[in-house]
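Let's take a look at how a protein wraps around its ligand. Have the sequence and the 3D view open as you read.

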Amino acid sequence: MERKYVIRGKKPLKGEIEVSGAKNASLPAICATLLAPGVYKLKKVPKVRDVFCMLKIMKYLGAIYEFKKDYLKIDTTKVNKFSVPYELASQMRASILFLGALVGAFKKAEVPLPGGCAIGKRPVDFHIKGISQLGANINLERGNLIVKTKKLKGTEIILDFPSVTATENLMMAGCLTEGETVIKNAAKEPEVVFLGNMLKKMGAEIKGIGEDTIYIKGKKKLKPINIEIIPDRIEAGTYLVLGALLEENEVIVKNVNKIHLKTPILKLQEIGITLEEVDKNAFRVKRKKIINPIKIITAPYPGFPTDLQPFFAVLLTQAKGVSFITENLFENRFLYVFELNRMGAEIKVEDRTAIIKGPTLLMGSPVKATDLRAGAALVLAGLCAENTTTIYNVELIERGYENLIEKLSGVGADIKVIEDES
Ligand code: EPZ
């Protein structure tokens, strides 16, 4: 059965749209429940494909989970396996997060080496190097990272680049590793900070969360906890841009943590978009008739998030003049440009920079999602295009957006899911 989205564009949107809990905070949080056997209640975990894939792996390892009315219940009391199946892991790169959790919990792990992905080669050498420095013996056998170790010992690890999941893996392994583990050039993303605070609440001794250097004093035991997942800043950014797409739009985005979005909000202001705070964490998006071209350079947090650049590219096709987006994290993150140009955009890619001429009238066309954020950006393009846009490969979009169709229809978008016998 092939699923596709059919969108009739140029329809002014009006109403409130609520941001869900963060996918990229939920995935490491689910893994962290392996570090102390017991029952956890995780509130606001979004029901998206990547979360379900993670939970299937947890079930395979022996955990029991259930989505209750207000929270996800996970019971890791009976977890008795440390080998992650390739069939499930190969569906999602974030399965690498089982490496740190299993090594921390069991001092051994078997985790498939993630393959490449549409946005870049995305090696995991920092993860392997860091875990080895803690004293683990890691071998690659038949595509699996096989980790064996008698004992882990804390040490200083310097990351070549502030990798998000490498920092998360080392934090999870480090909090049950004897001695002190120091992570230098650590990632500072809000999702990393969330995991650090979750581990602290579980009893871990961690300092410097959200800073360049994290200090972890290993503990023998941690405890299960209940916790609420932070709002999804990338989903929030997606909907703030949605609100800015058409001058007539009157969209209020709720459950937005403005602090986590400082740089994107500054960029929106440069473009001529303002956010009016209408309630705690709720913002009305307002824009001028003519919006400005700008320059964007992606960088690790608190820099401009690479995950939001496709959405700003769509918005900047409507700006009066030439904009530049330079992508510094992933070498192949402009695949959506070809699809936008099929819709009539004028975007050239030179080396790692997209050069966007505007304003251009986008025309509805059949297009395909190439990855999660690229796909969601095409939904936004379809909503501000003339006529009908049909989007293929929508499974990629559903990996990271909860109830997207319902939420967009809730503000008056003309978007439908069509399922074809194929
Ligand atoms: C996380 O991926 C996010 N995923 C990504 O979101 C996000 O794009 C990325 O961080 C950057 O913000 C999750 O949190 C599950 P990195 P991650 O390691 O941790 C290089 C989405 O759309 N690198 O910080 O995999 C790497 O190639 C996804 O939700 C190495 O060279 O990203 C990249 O150039 C897409 N070796 C850079 O570091 C390594 O061992 C940053 O990647 C690790 C990373």
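Which helices each supply at least two residues of the shell around the ligand? They are H1 (23-32), H5 (125-133), H6 (164-174) and H12 (372-383). Helices here are DSSP runs (H or I, at least four residues), numbered from the N terminus. H5 gives the most, with three residues.

A quick word on the ground rules. This is a predicted model, where local features need pLDDT of at least 70, side-chain atom pairs count only at pLDDT 80 or more, and totals for chains, interfaces and linings use all residues. Residues are numbered from 1 along each chain as its sequence is written, and side-chain values use heavy atoms, with hydrogens and water left out.

Now the shell itself: 20 residues surround the ligand, counting a residue if one of its heavy atoms lies within 4 Å. The closest are Asp125, Ser163, Thr165, Asp307 and Leu329. By class, you'll find nine nonpolar, five polar and six charged residues there.

Here are some polar contacts (pairs of N or O atoms within 3.5 Å), each made by an oxygen atom of the ligand:

| Residue | Partner atom | Distance |
|---|---|---|
| Lys23 | side-chain N or O | 3.0 Å |
| Asn24 | side-chain N or O | 3.0 Å |
| Leu329 | polar backbone atom | 2.5 Å |

Taken alone the ligand exposes 820 Å², and the protein buries 88% of that (areas by the Shrake-Rupley method with a 1.4 Å probe).

Back to H1: nine of its ten residues are buried, so this helix is largely enclosed by the rest of the structure. Buried means under 20% relative accessible area, with protein chains only as cover. Among the buried ones are Lys23, Leu27 and Ile30.

Methods: A polar contact is a pair of N or O atoms within 3.5 Å; within protein, one must be able to donate a hydrogen and the other to accept it, and residues adjacent in sequence count only if both atoms are side-chain atoms. Ala, Val, Leu, Ile, Met, Phe, Trp, Tyr, Cys and Pro count as nonpolar, Asp, Glu, Lys and Arg as charged, and the others, Gly among them, as polar. Buried means under 20% relative accessible area, exposed over 50%, partly exposed in between (1.4 Å probe, protein chains only).
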